[in-house]
Amino acid sequence: MDKIIEGHKPLRGEITVPGDKSMSHRAMMIGSLARGETRIEGFLEAADPLRTLRCLESLGVEIRRDGDAYNIIGKGIRGYRKPNHTLDAGNSGTTMRLLSGILVGQNFESELSGDEYLLRRPMKRIIDPLTLMGGNISGTEQLTAPLNIFPSTQLNGIKYEMPIASAQVKSAVLFAGIFAEGETHVIEHQQSRDHTERMLGLKSSVENGNKTISVTGGREIEARDFIIPGDPSSAAFFIVAALLNPHSDVVIKNVGINPTRIGFLHILQQMGGNISIANQREAGGEPIGDIHVESSALISHQTLSGDIIPNIIDEIPILAVAAAFAHGTFEIKDAAELRHKECDRLSAICSNLSLMGVDVEERKDGFAFETKNFLLSSRFQSFGDHRIAMACGVAGNAMNGTSIIEDAGCVDISYPSFWTTLQSLTN
Ligand code: S3P
């Protein structure tokens, strides 16, 4: 589906955004392993978390929709049953990597596969630590999926120093730690999103800037309810859209403001973005708030590198769009990880910025550009990547003329109602 965007329309109104994607996956998985019944409010009904739900059902977990909530009848840590087909993670790296951590601890064989995009993404990053723990997991020769997982005699706790900053890898190891003998410790040199440790109630400590998270093997998980806030990564698109369009005024209610996720908000504020967070409170162990945005003239002198990159990893496409409409310069370094997302996001960002007339220099681990006064409405390419599609939609909305986003239906991965919400705010 191509999406046509008529540009230069102010955004006005109050919205909520759908539930946090990272937390939705984790809530389903933790609920499935718990003893007792878990109720999830705010679960994100989008393609990715629904893949997790279907995989868990194939593993014998009973999941019931109850009005707007989901109830999961937990199986305990040893209660899954052998699936009678390949588990399909679709486009979802989180489903594949986190579930692998759980499946290596089972006493049955399983296979995990996915769509053409997911089958290209690196799995060595989880195969390595899970194998170190004694797990029996293999991929293709290129160490990509499909992944085949066999029962192992025993998993052992390990001390694992993260070679890259990745919440998915950290979570795969911590989930496997639940099934291991002894303690598993994960050491992060750069902090990635911390939902797994929060939602599992794990111990963690910080020394010399390094965070260690520990899990004790063999302990049952007691069921608890989860309230999932709005996804800050989804809110980011409307925050930038409102900043860029003159006369905009938008409130986004009940958004997660976990500090490991909102680096982009501080960056936009530094760029002169008129953004405030009201009504800050806690819901289900996570900080949330209502975000108020008014249109602002942005000035960018940003070089983003090092520790901030894992925090803004999903927001770099939309930050690049914000910067393209600002005055000044914008540079991203240390972000080679972006080449391994739903698509090669460095290349996708740079090619779409070029279409807009931005003179962008693509580098191995980032990109850099100086802003231009005139940007061109374009025919943008999503590369089948939801965040690229939404970022280009926001760019098109901020420009004079008509833009087209090719293959815009991929927003279903994290935000199925994105285009209708954008339209409702611009009417
Ligand atoms: C996620 C972690 C991040 C992020 C992805 C979701 C998670 O990936 O990009 O959208 O839920 O753990 P990495 O762990 O690969 O950085």
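Buried area is the accessible area (1.4 Å probe) that two parts lose on being put together, summed over both. The structure is a predicted model, in which local features need pLDDT of at least 70 and side-chain atom pairs count only at pLDDT 80 or more, whereas totals for chains, interfaces and linings use all residues. Residues are numbered from 1 along each chain as its sequence is written, and side-chain values use heavy atoms, with hydrogens and water left out.

**Exercise 1. State the domain bounds and describe the contact between domain 1 and domain 2.**

Step 1. Domain 1 covers 3-19 + 229-426 and domain 2 covers 21-227; such bounds come from an automatic or database domain assignment.

Step 2. To the contact (heavy atoms within 4.5 Å), domain 1 gives 32 residues and domain 2 gives 27 residues.

Step 3. Taken over C-alpha atoms, the domain centres are 28 Å apart.

Step 4. About 2300 Å² is buried between the two domains, and carbon and sulfur atoms give 48% of that area.

**Exercise 2. Analyse the polar links between domain 1 and domain 2, then the side of domain 1 that touches domain 2.**

Step 1. A salt bridge requires a side-chain nitrogen of Lys or Arg within 4 Å of a carboxyl oxygen of Asp or Glu. Three salt bridges are counted between the domains.

Step 2. A polar contact is a pair of N or O atoms within 3.5 Å; within protein, one must be able to donate a hydrogen and the other to accept it, and residues adjacent in sequence count only if both atoms are side-chain atoms. Between the domains, 14 residue pairs are in polar contact, both residues being at pLDDT 80 or more.

Step 3. On the side of domain 1 that touches domain 2, strand 19 (286-294) and helix 12 (386-397) each supply at least two residues. Helices (H or I, at least four residues) and strands (E, at least two) are DSSP runs, numbered from the N terminus.

Step 4. That side of domain 1 comprises 11 nonpolar, 10 polar and 11 charged residues. Here Ala, Val, Leu, Ile, Met, Phe, Trp, Tyr, Cys and Pro count as nonpolar, Asp, Glu, Lys and Arg as charged, and the others, Gly among them, as polar.

**Exercise 3. Is His25 buried or exposed?**

Step 1. His25 belongs to helix 1 (residues 21-33).

Step 2. Buried means under 20% relative accessible area, exposed over 50%, partly exposed in between (1.4 Å probe, protein chains only). His25 is buried because its relative accessibility is 0%.

Step 3. The side chains of His25 and Thr52 form a polar contact of 2.7 Å.
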